[in-house]
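Colleague: Got a minute to walk me through this one? I'd like the fold, then the packing.

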Amino acid sequence: MRQPRRLFVRLLGGFLVALLVVGGAFANLSPEFGGKPTKAQRAAYAKTGHYRDGEFQNLVPTTLMTGGSTFSSLWKFLFTKTPNERPAAPLPTQPLTPAHIQQKTNETVRVTWFGHSASLVEIAGKNVLLDPMLSVQMGPLSWVTPKRYNPQLAITAEQLPAIDAVLISHDHYDHLDYQTIRRLKDKTANFYVPLGVGAHLLAWGVAPAKIHEMDWGDSLQLPGLTIVSTPTRHFSGRGLTNRNSTSWSSWVLKSATKRVFYSGDGGYGPHFAAIGRQHGPFDLALMECGQYDADWAEIHMMPEQSVQAALDVQARLMLPVHWGAFTEAHHAWNEPVRRATTEAARRQLPITTPQLGQPVTLNAGPLPQVRWWQ
C-alpha cells in the first residue's frame, strides 16, 4: 500500500504545481494582475531604507511561513475542513443609500463596514474609502479564490456618491480589487497608496494626477483632514513573481477634533505603540481581526493581539475588521469576533460590532454591540 500512496501524493503534488503554473500564467495575462513600478521608481524606493534587493522590508525581521512550507499550508487549506468555516446563510446586512451618506456635517464621524476590510469613513465632511473590495468575486481566478458569504453588499461601487479619497493598505486581491477600482476611478478625487501600488492603478486607467504614493511617515492635507501613512508588518504581491515589489501601510486620519486609525493587514509588532505615541489617542481604530493561523503568525494577528494593538495605538474604541466576508484561514468564520469581544471585555476596551452596512456614528448615542454573529 505504501507505494501507491506515494505515487498518489506525487501525482497530486504535480497537479497542484501545474495548477499554480497555469493560474500564474493566466494572472500575468489578466488585467487584474496590475502593473509594475518603473526602474526609476525602484531606484527611488531604495532610498527609503526599507527596500532591498528588489523587495520591500518590514521594520522587524518577519517570516512569511512560521509553521510549515507554503505547499503544506496550501495542502491544508485545500483538503482540511474546519467546522463552521462559513456561515450557514448570508450575513445580516443593512442596505446603505447614497442619501444617507450625504446627510452629514463637518463634525460627523461615521464609519460603515461592508465586510472584510472595506469601510467608508465619513470625517471632516469627507468620504474616505478604506480597501474598497466591493466585488462578490475575488481576483482573476474566481474558481480558485474564496467565495464571498453574501451574494450582494450593502452598497455597490456604482451607488456610492463622490469619494474624496480611497486609501489602499496593500495590493492583495482581497484589499485592492480591480473591478471596484474600475468602477470608482471616475468618481474618486484621490487615491492614496503605498509605494509601488500606483502602477496597478495606472494600468487600470486611473488618471495619474489622482494617484499619490506615500511612504511610511508621509502626510498629505485635504481641507480639514490630514492623511498619514504609517507602518504595518505584512507582505505584498499579486502573482508568482512580484512578491514584495510594492509596499504596505496602515493609515491615520486626523480632523480638527477626531482621529481614526486603520491597521491594514499585518502581524503584531512595536510599530503600534510607536504610532500611538506619535499620533494617538484615537477616537476609533479599525483593527485587522481574522484570517490568522499559526502557519503565518507574523503577518496576521490573533484576535487577542488585535485588542492589544488597539490598546497600543491608544484607541478609545475598536472596530474589528478583516472578517465577515471570506474564509481565508482555518478558523470558524465568527471566531475572530468572539475572541476579540471576549478579550476586549477582559481588557476593558470598548468595542463595536455592527452588522454589514450598519453605520457607527461617534458621540451619537449607543454603539452597535448586538451579538448578531453568534
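**Sheet, cores and rings**

Modeller: Start inside the sheet. F261 has A285 in β13 as its bridge partner. Bear in mind that this is a predicted model.

Colleague: Fine. In which sense do β12 and β13 pair, parallel or antiparallel?

Modeller: Parallel. Three bridges join β12, residues 259-262, to β13, residues 284-288.

Colleague: And what is the strand order in the open sheet?

Modeller: The order is β9-β10-β11-β12-β13-β14, six strands with mixed pairing. At the edges sit β9 (219-222) and β14 (318-321), each paired on one side only. On average, neighbouring strands are turned by 15° against each other, direction ignored.

Colleague: Which strands does helix α7 lie across?

Modeller: Helix α7, residues 271-279, crosses β10 (225-230), β11 (250-254), β12 and β13. Its angle to β11 is about 15°. Helix α8, residues 303-312, also packs on the sheet and touches β13 and β14. The direction of α8 makes about 150° with that of β13.

Colleague: Stay on α8. Which of its residues are buried?

Modeller: P303, S306, V307, A309, A310 and D312. The buried residues of α8 pack against α7, β13, β14 and α9. Just past the helix, Q314 has a positive phi of about 70°.

Colleague: Now the cores. How many residues does the largest nonpolar one have?

Modeller: It has 34. I123, V128, I227, L253 and L286 have the most contacts inside it.

Colleague: Take I123. What does I123 touch, not counting residues up to four places away in sequence?

Modeller: T108, V109, V128, L225, L253, S255, K258 and V260. There is also a second, separate core of 26 residues. I101, F114, L160 and V197 are among its members.

Colleague: I123 is at the end of β4, right? Which strand does β4 pair with?

Modeller: Yes, β4 covers residues 119-123. β4 runs antiparallel to β3, with four bridges between them. W113 stands opposite S119 there. Five residues separate the two strands of the hairpin, and G115 takes a positive phi near 105°.

Colleague: Where are the side chains of β3, buried or exposed?

Modeller: Buried on both faces. R110 and T112 are on one side of β3 (residues 110-113), V111 and W113 on the other. β3 also pairs antiparallel with β15, residues 360-361, through two bridges. R110 stands opposite T361 in that pairing.

Colleague: Switching to rings. How many aromatic pairs turn up in the whole structure?

Modeller: 11. One of them is Y45 with F56, a tilted pair at 5.3 Å centre to centre and 50° between the planes. Y45 is in helix α2 (residues 39-45) and F56 in strand β2 (residues 55-56), 11 residues apart. Both rings belong to buried residues.

Colleague: And why is the W323 and W333 pair called stacked?

Modeller: Their planes are at 25° with the centres 6.3 Å apart, so the pair counts as stacked. Both tryptophans lie in the loop between β14 and α9, so the pair ties together parts that are 10 residues apart in sequence.

Colleague: Why does W323 count as buried?

Modeller: Because its relative accessibility is 1%, and the cut-off is under 20%. W333 is buried too, at 9%.

Colleague: Which aromatic cluster are they in?

Modeller: W323 and W333 join W113, Y149 and W372 in one cluster.

Colleague: Two residues to finish. What about T341 in α9?

Modeller: T341 is in helix α9, residues 335-346. Its relative accessible area is 6%, so it is buried. The T341 side chain reaches the backbone oxygen of V337 at 2.8 Å. Leaving out residues up to four places away in sequence, T341 touches I351, T353, R371 and W373.

Colleague: And where is F191 found?

Modeller: In strand β7, residues 191-194. F191 is buried, with a relative accessible area of 0%. From F191 to V166 is 4.8 Å, C-alpha to C-alpha, although they are 25 residues apart in sequence. Beyond four places in sequence, the contacts of F191 include V166, I181, L184, L201 and H212.

How values were computed:
Residues are numbered from 1 along each chain as its sequence is written. This is a predicted model: local features need pLDDT of at least 70, side-chain atom pairs count only at pLDDT 80 or more; totals for chains, interfaces and linings use all residues. Side-chain values use heavy atoms; hydrogens and water are left out. Two strands pair if DSSP finds at least two bridges between them. Axes are lines fitted to C-alpha atoms, for helices over the stretch in contact, and angles run from 0 to 180 degrees between N-to-C directions. Contact means heavy atoms within 4.5 Å. A nonpolar core is a set of buried Ala, Val, Leu, Ile, Met, Phe, Trp, Tyr and Cys residues joined through side-chain atoms within 4.5 Å. Buried means under 20% relative accessible area, exposed over 50%, partly exposed in between (1.4 Å probe, protein chains only). A polar contact is a pair of N or O atoms within 3.5 Å; within protein, one must be able to donate a hydrogen and the other to accept it, and residues adjacent in sequence count only if both atoms are side-chain atoms. Rings of Phe, Tyr and Trp (its six-membered ring) pair if their centres lie within 6.5 Å; planes under 30 degrees apart count as stacked, over 60 as edge-to-face and the rest as tilted.
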